[in-house]
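Hi,

As promised, I'm handing the structure over to you. Have a look at it first, then read my notes underneath.

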Amino acid sequence: MKFLVMIYNDDSLLEALPEGEFDTMMHGCFVHADELRAEGHLLDSMQLEAPAQGKSLRMRDNQMSVMDGPFAEAKEYLGGFNLIEAADMDEAVRIAAEFP
């Protein structure tokens, strides 16, 4: 079965990390992702841009308009995802819990 593990970010928590901690965590995520990929559990993953970088494209009467972000007004926002393969929900939860 395939499961989508969604990763939410909170900038206030990320900004509160000590110097270098974010880079260490991300390195751990990438190493772990490589291990999961080698085991056949990680099918795809993607880090998404922050809401401030977002754009909205709208098509009306054959005219396209582009609006700059940010669009999220929430404390947390979708920062990325991991598409995993697991035997069942229990295994999917175990795999998701292993991410730094």
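Before the sheet, one bit of vocabulary: two strands count as paired if DSSP finds at least two bridges between them. Strands (E, at least two residues) and helices (H or I, at least four) are DSSP runs numbered from the N terminus.

A word on the source: this is a predicted model, where local features need pLDDT of at least 70 and side-chain atom pairs count only at pLDDT 80 or more, while totals for chains, interfaces and linings use all residues. Residues are numbered from 1 along each chain as its sequence is written, and side-chain values use heavy atoms, leaving out hydrogens and water.

Now the sheet. It's an open one, made of three strands in the order 1-5-2 with antiparallel pairing. Strand 1 and strand 2 sit at the edges with a single partner strand each, so one side of each has no neighbour in the sheet. From one strand to the next, the twist averages 20° (angles run from 0 to 180 degrees between the N-to-C directions of axes fitted to C-alpha atoms). Strand 2 and strand 5 run antiparallel and are joined by five bridges. If you want a spot to look at there, Asp 44 stands opposite Leu 83 in strand 5.

Then there's the largest pocket, with about 750 Å³ of space. A pocket here is an open set of points on a 1 Å grid over the protein atoms alone, where a 1.4 Å probe fits and protein lies on both sides within 12 Å along at least five of seven lines; lining residues have an atom within 4 Å of a point. The volume is the space filled by probe spheres set on the points. Of the 33 lining residues, Ile 7, Asn 9, Met 26, Cys 29 and Pro 100 are the closest to the centre. Helix 2 gives the largest share of the lining, eight residues. Strand 1 (2-10) and strand 5 (76-85) are among the elements that each supply at least two.

Two residues to finish. His 32 belongs to helix 2 and is buried (under 20% relative accessible area with a 1.4 Å probe, protein chains only), at 11%. Leaving aside residues up to four places away in sequence, His 32 touches Ile 95, Glu 98 and Phe 99 (contact means heavy atoms within 4.5 Å). Gly 40, in the loop between helix 2 and strand 2, is partly exposed at 39% (that class runs between buried and exposed, the latter being over 50%).

Cheers
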